[in-house]
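Please open the structure in a viewer and keep the selection tool at hand. The stops below are to be visited in order.

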Amino acid sequence: MEGEMNNYLLEFLNFNFTKNRKTANSKNNFAENSRNQPKLFCIAHDLPPLKTPIANRANKILSEIQKTWQIHVLTDTRGSFLSEKSNIYHVKSWYPQALITWLGKLRLEKILTLLVWPDPEIFWFLPALFKGYQLIKQQKPDAIFVIMMPYSAGLLGVALKFLTGLPLVVSLDDSLSCTDMHPYAVSWLHHHLDRWLENFYVRQANAVVYVSQFNLELVKSRQPEAQRSKFHLIRCGADPLDFATPINSKNDNFSFDIVYIGGMNGWYEFYHRPQEKTLPKKLYKAWLKWGYYQRAKIDHRSSSPVFVGEAIKEVISQNSAWKNKIKLSVYGNSFPEFVIDRVLQNQNITDVVNVSGALPHFQAIQLARQADLLLITLPNRPDGTPGGRISCKTYEYLMTDRPILAAAPYGENWNYLQDKPGVWLVEPTDVKAIKEVIIHIATAKFSGSPLQFDRSYLHKELSYQNLVQDYLKIFDAVCSTSTFNYPL
């Protein structure tokens, strides 16, 4: 390992790029005017076969980009794939698994959260830096493109830009400033480190892409005027091809299926019964949260099936003929089975809620297309502040003709959905409102006239084929104005 590192370091010292002060005409399309197909060096930590929204988004974006650009992708995902046209390079992280496991057994998770920053994937930085530098030397790309999360992947992009002079485009999924995703920092210091890191990415990159207008404006307002032109809004989307396969819609009047696609994170809020919250457990929980810096007050209970499950129980109590006919199916769970089972039993909703593990993305989409009602539920914000997150499933749900129940707090997701057809917006913990929506839609289904909505006018706007055109314009712009040239 030491010999390999020394060789890489020697290459760092010997490999120097030069700057060419003649700037290309920014009005010209870079891809069209390149003698050969332009090359993009991509950093995508998560790729398929991972079943996460980040991996799926990276897959869709890169698959479209490679139609006009030659891409070289650096990843930490073993066995990753895109297509035959893609050049994928796997680099293993130097994550100290044995040490982390040992510290976990000693109940020192608190120490880990304080020391490992900005995320555990920081241990991928050094091996990826060495490999990425070597690949750039060999492949001579025209730009660097980073898809986050993890946030430490951005540090890799900045380091490679510093070493090579190549233009850098950074695409964030959930912003570090997104209080829906990050309502707490592990300390006051970490809060300010996170803000510094996001500002650092903005100032080092040639362009920064956000998926949320709210978060974009929040970060943009902190920047000097000279940096504000770097910001671009390109939302997440959906692939029309995932929705092109014919499906066999159920025409029976004997069941009503509510479907939620994706993970939920409110389970532990319901894990212990009130009488089980002993003093030692309370002290341990207080120790874990000690020193945390609160950015926003978030109620994670609503990011669970509990309130919808309660609403279903009330619906059935008022309509006895619907007993055993209405179910909520959750696909994409990543929590231990014993946690799920205990929560469902504690809340007495075992008979109306089914929870399954992660599915291949295409299969999950087909289940959503056959649902009687699609569910979005996000953590509530009791302090009344607006949220900046839009759930990725929002765009995929809108590609279907199914009714959508969006149990979301006020904020960007609410604002984005409020004028869309076939969407019912309710506050996440409002069981009465959720119940009324279910009754309305279930009544139509059981009467033989299930509700469906034509949203085809949205399909082009939501498609990755359309969204990636905005990425290509950004790549053209940063490459056309770059003063970089490889030495002959």
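**First stop: a covered helix**

The buried residues of α13 are covered by elements that include β10, β14 and α14 (393-398). This is a predicted model. Select helix α13, residues 361-369, and colour A364, I365, Q366, A368 and R369, which are buried.

**Second stop: the sheet**

Next, display the six strands that form an open sheet; their order is β13-β12-β10-β14-β15-β16, and the pairing is parallel. At the edges stand β13 (353-357) and β16 (423-426), each of which pairs on one side only. From one strand to the next, the twist averages 20°. Strands of a sheet pair through backbone hydrogen bonds.

Within this sheet, select β10 (residues 256-261) and β14 (residues 373-377), which run parallel and are joined by two bridges. Which residue of β14 stands opposite I258? The residue to select is L373.

**Third stop: salt bridges**

Side chains of opposite charge can pair when their charged atoms come close. The model has 14 salt bridges, and three of the pairs are visited here.

Begin with D242 and K60, whose closest N and O atoms are 3.0 Å apart. D242 lies in the loop between β9 (231-233) and β10, and K60 lies in helix α3 (residues 53-65), so the pair ties together parts that are 182 residues apart in sequence. Both D242 and K60 are buried. Add D239 to the selection: K60, D239 and D242 are linked in a network of salt bridges.

Move on to R381 and D180, a salt bridge with its closest N and O atoms 2.8 Å apart. Since R381 is in the loop between β14 and α14 and D180 is in the loop between β6 (168-171) and β7 (184-185), the pair ties together parts 201 residues apart in sequence. Are these two residues buried or exposed? R381 is buried, with a relative accessible area of 6%, and D180 is buried as well, at 9%.

Then select K445 and D372, whose side chains meet in a salt bridge of 3.0 Å, N to O. This pair links distant parts of the chain, 73 residues apart: K445 is in helix α16 (residues 431-446) and D372 is in the loop between α13 and β14. K445 and D372 are both buried.

**Last stop: a surface patch**

Finally, show the surface and select L99, W102 and L106, which form a nonpolar patch with about 320 Å² of accessible area together. L99 belongs to helix α4 (residues 97-105). With a relative accessibility of 45%, L99 counts as partly exposed.

Technical notes
Residues numbered from 1 in each chain as written. Predicted model: local features only at pLDDT ≥ 70, side-chain atom pairs only at ≥ 80, totals over all residues. Heavy atoms only, no water. Pairing = 2+ DSSP bridges. Helix = DSSP H or I, 4+ residues; strand = E, 2+ residues; numbered from the N terminus. Axes fitted to C-alpha atoms, helices over the stretch in contact; angles between N-to-C directions. Patch = residues over 30% accessible without salt bridge, like charges linked within 9 Å, V, L, I, M, F, W, Y side chains within 5 Å. Areas by Shrake-Rupley, 256 points an atom, 1.4 Å probe, with all protein chains shown as cover. Salt bridge = Lys/Arg side-chain N within 4 Å of Asp/Glu carboxyl O. Buried < 20%, exposed > 50% of the residue type's maximum accessible area, 1.4 Å probe, protein only. Contact = heavy atoms within 4.5 Å.
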